[in-house]
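Subject: Structure for you to look over

Hello,

I am passing on the structure we talked about. Please have a look at the sequence and the model first; my notes follow below.

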Amino acid sequence: MTWADAWGVLNTDGNLVERPNQRELAEAVFDITTNGGILLGEAPVGCGKSFAYSTALISRVHKKERCVISTETTALQDQLVDRDLKFLNSKFGPFKYASLKGRSWYLCQRRASDQHWIIRALGAKDIGNGERRDVERVLGRTVSEDDWEAVSGDADYCAQNKCTGDSGCYSSAARTRAGNAAIVVTNHALLRTHAEMEEGILGDFDHLVVDEAHTLEKVLIDGWGEEVSPYELWKSLENIWTAIDASNSRTDDVVAKMQEAEHFLKEAVNSVVALHTALAERRTGEWLDDKMWRRETFTLSEQYLSGSVDVTLADKLTAYEIDGPTRFKVASENLEHVYDVLKKDLENRERGNRKVSKGKTAARRLARVMGMVAEAMTTRDGIIMQYGVPYVILGEGYKAYKGTNDVRIRCVPLDISARAHETIWAPLKSATLVSGTLRDETDGTFNYVIDSLGLKNPKQIKVGSGFDYAQNQLVYVTPGTYDPIDVVGARYSMEEMVNVIEASRGRALVLFTANAEMEYAADHLRQLYAGGLFDHRVLVQERGVSKPELARAFMEDKHSVLLASKSFFTGMDFPGESCSMVVLAKYPLPQWNALCRAQNDWWMKRRGFKYWYDREALQVFRQASGRLIRNETDRGVIAVLDNRVANPKERVSTLTQLGLQSSGSLYTSKIEDVSSFIG
């Protein structure tokens, strides 16, 4: 058998099972890597796309060309390295392949205390590559998030301690292995970091495959933005003062400029909090509690009030709109001056100084962010152009533990297409982007992903599933006759949820868009289970619970119920009988906050995508439907419990119908149909 005959779905037993149309995808990837260019491929979940593109890369490896595969999740990274590439290497190798994750996924023995229980338990045992999963394998147990944070690396700590693989640093050793590998498997966040650096952490490579490519834009937006929390703001100021004290350039002028910057920042931030607290209370007509303030999000721009304005609010408005921009601007200019002083100080030293270097970095970052805030405050919509990229500048309600109202400042890029083209796509011989939901369901084209990611003249392919959704998948749509739970914003009925779960005999993945709604359902189901009125074990995605461990427990218990956030299923497979129902407690509309409004306006009014908001919602719906049918024998139900679906005047009703049309599934509003379908 040659590598070109190896296309098929690799099962857990190591056998290949050929799937319809998988060869079509693999041949398209082979063609694009051979001749160059960009390929967009939509292939449904279960068709074996990861094995298809991995197999197609073998010919490039034999040509001594380096390849990178980027995934959204570390779970898919592990699958590629442990299964797909391992199999291909045994058949068509040898070639070097490696996985590279972020620093926080590796044990840091330098940072961890010798007395920490994890370090004592490991002793001198071999922990392989030092990844979290290696540590947990040796320990024979799951490590909590808090414990792992105490013994793992992070960007801030590692930036101050330049370790190497020879020093026993697992993270550095992983980077060395990746640099020597013909195929590197990484994730979107590290791909973004690579693109930011002059000498990327992945080294030079020729071909890139982006799996779960529908999530790449969001990852780039999140990473290429700026965010400053209240703690980070004051900590940065503290680091700058420490740097000034440690430098050889402490002068009266530097101290005066720093004092003025700190004073103006405090005054300006206080004016933001005061005004938007008053505006929120004016809008709601009541005092804001902690939860209400944390949900506040607003653009940092000029505020135009309708109706009468009392004297107190007028004073707050003046402090915000008239004084605020000047305060932020002067603070930014002063911090830029301090940055220049600290930079020159470091240049005049024979050896570096960590404190001065850290303060210099903090001064530059704060100067940039506060300068953007000053500019945005004089606009109507908080949108500014920075280096040709549109940013929306936001304030978000923030409240420290037992603290007063405060704000987190975010500078979010609305359009990263030009930067993505320049830093990611342009240097490559070929790029392949694949996903089960890459097209825009509102028009059936790839136009949005092409424009949003800055792709030039890509080839396009849509691979059919080969599954009969009309026979194997049923969609239950609530008739809207049940009363919803008493939680603000909730749209589902607890009675109906229990009924549909019972109809599926457990095996249900229940997805929520808000923690309060999930907590309500968890408490109710646990009480029923404890009282013997509910037969299914209840698993809940909670803080400190390992996502892979939770998924494993769900798959092992064929009658359990898993309650999780709407993004839980991303990168997770629940084959066979482990999951026969996906329940959407609320239709996954994007949260209509200030950021969403700005994104919608940008793409709708300035880029011509008038259904941007609908596209976002339909994509999540399609992803959820892809969790159920993994092979020809799977049968499953999607249950939509949002009572707005039953009202044809609601947007959710229209979107649900579009989702049903795209899936080709049958649908019902009778719970007894669910029971008979599951069998």
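Glu 212 counts as buried because its relative accessibility is 10%, below the 20% cut-off. Its place is the loop between β7 (207-210) and α11 (216-224). The backbone there has a positive phi, near 50°, in a residue other than glycine. Please keep in mind that this is a predicted model.

Asp 211 sits in the loop between β7 and α11, and with a relative accessibility of 2% Asp 211 is buried too. Setting aside neighbours within four places in sequence, Asp 211 is in contact with Lys 49, Ser 50, Tyr 53, Ser 70, Thr 71, Glu 72, Leu 76, His 188 and Val 434. Between Asp 211 and Leu 433 there are 6.2 Å from C-alpha to C-alpha, although the two are 222 residues apart in sequence.

A positive phi near 50° also turns up at Asn 457, again a residue other than glycine. Asn 457 lies in the loop between α18 (447-452) and β14 (459-462). Is Asn 457 buried or exposed? Its relative accessible area is 76%, over the 50% cut-off, so Asn 457 is exposed.

One further backbone point: the peptide bond joining Gly 93 and Pro 94 is cis, with omega about 5°. Pro 94 belongs to the loop between α4 (74-92) and β5 (97-99).

Now the cores. The largest nonpolar core has 90 residues, and those with the most contacts inside it are Leu 107, Leu 208, Trp 425, Leu 433, Leu 453 and Tyr 587. Which helix gives the largest share of this core? It is α23 (residues 594-606), with six residues. There is also a second, separate core of 55 residues, which includes Trp 241, Val 269, Leu 279 and Leu 300.

Tyr 587, one of the residues with the most contacts inside the largest core, has a set of partners beyond its neighbours within four places in sequence. These are Ala 617, Leu 618, Phe 621, Val 640, Asp 642, Arg 644, Val 652, Leu 655 and Thr 656.

Arg 644 is also in contact with Ser 653, whose other contacts outside its neighbours within four places in sequence are Val 645, Asn 647 and Pro 648. Ser 653 is part of helix α25 (residues 651-663), and at 10% relative accessibility, under the 20% cut-off, Ser 653 counts as buried.

Last, a helix pair. Two packed helices are described by the angle between their axes and the distance between the axes. For α20 (residues 494-503) and α26 (residues 671-678), the axes come within 8 Å and cross at roughly 20°. That angle is under 35 degrees, so α20 is roughly parallel to α26. The crossing of α20 and α26 is right-handed. On the α20 side the contact is made by Glu 496, Asn 499, Val 500 and Ala 503, and on the α26 side by Ile 671, Val 674, Ser 675 and Ile 678. By type, the residues of this contact are five nonpolar, two polar and one charged.

That is what I have for now.

Regards

Key: Residues are numbered from 1 along each chain as its sequence is written. This is a predicted model: local features need pLDDT of at least 70, side-chain atom pairs count only at pLDDT 80 or more; totals for chains, interfaces and linings use all residues. Side-chain values use heavy atoms; hydrogens and water are left out. A nonpolar core is a set of buried Ala, Val, Leu, Ile, Met, Phe, Trp, Tyr and Cys residues joined through side-chain atoms within 4.5 Å. Buried means under 20% relative accessible area, exposed over 50%, partly exposed in between (1.4 Å probe, protein chains only). Helices (H or I, at least four residues) and strands (E, at least two) are DSSP runs, numbered from the N terminus. Contact means heavy atoms within 4.5 Å. Axes are lines fitted to C-alpha atoms, for helices over the stretch in contact, and angles run from 0 to 180 degrees between N-to-C directions. Angles under 35 degrees count as roughly parallel, over 145 as roughly antiparallel, 65 to 115 as roughly perpendicular and the rest as oblique. A crossing is left-handed if the near helix is turned anticlockwise from the far one by less than a right angle, and right-handed if clockwise. Ala, Val, Leu, Ile, Met, Phe, Trp, Tyr, Cys and Pro count as nonpolar, Asp, Glu, Lys and Arg as charged, and the others, Gly among them, as polar.
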